[in-house]
Amino acid sequence: MSLETYNKKRDFEHTPEPEGEGAVQTSKLVFVVQRHQASHLHFDFRLEADGVLKSWAVPKGPSMNPSDKRLAVMVEDHPLEYANFKGLIPEGNYGAGIVEIWDSGYWIPAENFHEVGKALEDGMLEFVLKGKN
């Protein structure tokens, strides 16, 4: 997957975010949920796939109630190093605000899983999260 969009949106001389260079898949597929106080408070949900973090903005944040519905808007892929990113994105930069790690761990695809791209194209990505919180 390309990190071209991610890199174009950021000036790495002025933001502490990791520069997107792509990476080799880790032994377990990582996920992270980041609380992002930017122009509006939202959460970012990220799943490792194909050497990047597939990413969604979740405006209302996560819910512990499985019957709650949450809008998740797919955004640009992020580099794997972003799974460890927390801190302040300075004013004047894309996404300016505070980023905190709300939860992280690894994810396990459902048994019928073949590839993330195909699952997303079909509109059905099933998985289990093994987080810390």
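1. The charged end of K28 lies over the ring of Y106, at 4.1 Å from the ring centre. The model is predicted, and each remark below is to be read with that in mind.

2. Strand β2 (41-49) is a good place to start on the fold. Eight of the nine residues in β2 are buried, so that the strand is mostly covered, given that buried means under 20% relative accessible area. On one side of the pairing scheme, β1 and β2 run antiparallel and share seven bridges. These two strands make a hairpin, with three residues between them. Within this pairing, H36 has H42 in β2 as its bridge partner.

3. β2 also pairs with β3, again in the antiparallel sense and over seven bridges. F43 is bridged to V58 in β3. β2 and β3 form a hairpin as well, with two residues between them. D50, in the turn of that hairpin, has a positive phi of about 55°.

4. What does the largest nonpolar core consist of? The core holds 13 residues, and those touching the most other members are F31, V33, F45, L47, W107, V116 and L125. At least two residues come from each of β1 (30-37), β2 (41-49), β3 (52-58) and α2 (116-122). β2 contributes the most to this core, with four residues. In soluble globular proteins, nonpolar side chains tend to be buried together.

5. A second core of nine residues lies apart from the largest one; Y6, L80, Y82 and F85 are among its members. Ring pairs join Y6, F12, Y82 and F85 into a cluster. Y6, Y82 and F85 are thus named both in this cluster and in the nine-residue core.

6. How many aromatic pairs does the model contain? The count is seven. One of them is Y82 with F85, a tilted pair with 5.1 Å from centre to centre and 45° between the planes. Y82 and F85 are both buried.

7. W107 and F127 form another aromatic pair, this one edge-to-face, with centres 5.8 Å apart and planes at 75°. The pair links distant parts of the chain: W107 belongs to strand β6 (residues 97-109) and F127 to strand β7 (residues 127-131), 20 residues apart.

8. Is each partner of the W107 and F127 pair buried or partly exposed? W107 has a relative accessible area of 3%, under the 20% cut-off, and therefore counts as buried. F127 has a relative accessible area of 29%, which lies between 20% and 50%, so F127 is partly exposed.

Notes: Residues are numbered from 1 along each chain as its sequence is written. This is a predicted model: local features need pLDDT of at least 70, side-chain atom pairs count only at pLDDT 80 or more; totals for chains, interfaces and linings use all residues. Side-chain values use heavy atoms; hydrogens and water are left out. Rings of Phe, Tyr and Trp (its six-membered ring) pair if their centres lie within 6.5 Å; planes under 30 degrees apart count as stacked, over 60 as edge-to-face and the rest as tilted. Buried means under 20% relative accessible area, exposed over 50%, partly exposed in between (1.4 Å probe, protein chains only). A charge sits over a ring if NZ of Lys or CZ of Arg is within 6 Å of the ring centre and within 35 degrees of the ring normal. A nonpolar core is a set of buried Ala, Val, Leu, Ile, Met, Phe, Trp, Tyr and Cys residues joined through side-chain atoms within 4.5 Å. Two strands pair if DSSP finds at least two bridges between them.
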